[in-house]
Amino acid sequence: MKFRYQRWMIKTSLIYLLMGVSLGVLIFLSQRFPGLAWASSWKTVHVHLLLVGAVIQMIMGVGLWMFPRRKEPPPVTTEPEGMTLYVAFNTGTVLRSLFEPFWQAGAFAYFLTLSGMLLQILSLVYFLYLIFQRIRAPAA
């Protein structure tokens, strides 16, 4: 199937957008409703879901979709490379989003938060490697 990992990236970024906005509403309402007081400690996750999960992943998906690939072998980004990027980036984003509010609670939460950060950083470096090969002068 053509553009599979790019479509997954774009669709997943929209899910992160919905989650980030929903969390933002809960954070806003937490100032008026004491039962939602827990949400105020998730401000970092809110921003992270919107900026990293939604915006950066949308940029990666559209960039890998729109920048031209080489016609001759080897292709610039293969399906396994794209899916590796997708899985690593989203694993890092989910780990960081779930455990960042609790990183001070113990070594396990700290380790999972740090693992998520490292996966995100490595994924972004991998994305730069993949997209850099696609940036070239237009064919004559």
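This is a short chat about a predicted model of a protein and how its helices pack.

Student: OK, quick one to start: how many helices and strands are there in the protein?
Tutor: There are 4 helices and 0 strands. Keep in mind that this is a predicted model.

Student: And how far does the C-alpha trace span along its principal axes?
Tutor: About 65 × 30 × 25 Å.

Student: Let's do packing. At what angle do α3 and α4 pack?
Tutor: About 150°, and their axes are 7 Å apart. Angles over 145 degrees count as roughly antiparallel, so α3 is roughly antiparallel to α4.

Student: Which residue classes are in that contact of α3 with α4?
Tutor: It has 13 nonpolar, 9 polar and 2 charged residues.

Student: Is the way α3 passes α4 left-handed or right-handed?
Tutor: Left-handed.

Student: What about α1 and α3, how far apart are their axes?
Tutor: Their axes are 9 Å apart, with an angle of about 15° between helix α1 (residues 4-29) and α3. Since angles under 35 degrees count as roughly parallel, α1 is roughly parallel to α3. The crossing of α1 and α3 is left-handed.

Student: Switching to the surface: which residues form the nonpolar patch?
Tutor: Trp103, Tyr110, Leu114, Leu118, Ile121 and Val125. Together they have about 570 Å² of accessible area.

Student: Where does valine 125 lie?
Tutor: In helix α4, which covers residues 107-132. That ties the patch back to the packing we discussed, as Val125 is one of the patch residues and α4 is the helix that packs with α3 (residues 79-99).

Conventions:
Residues numbered from 1 in each chain as written. Predicted model: local features only at pLDDT ≥ 70, side-chain atom pairs only at ≥ 80, totals over all residues. Heavy atoms only, no water. Patch = residues over 30% accessible without salt bridge, like charges linked within 9 Å, V, L, I, M, F, W, Y side chains within 5 Å. Areas by Shrake-Rupley, 256 points an atom, 1.4 Å probe, with all protein chains shown as cover. Salt bridge = Lys/Arg side-chain N within 4 Å of Asp/Glu carboxyl O. Helix = DSSP H or I, 4+ residues; strand = E, 2+ residues; numbered from the N terminus. Axes fitted to C-alpha atoms, helices over the stretch in contact; angles between N-to-C directions. Parallel < 35°, antiparallel > 145°, perpendicular 65-115°, else oblique. Left-handed = near helix turned anticlockwise from the far one by under 90°. Nonpolar A, V, L, I, M, F, W, Y, C, P; charged D, E, K, R; others polar.
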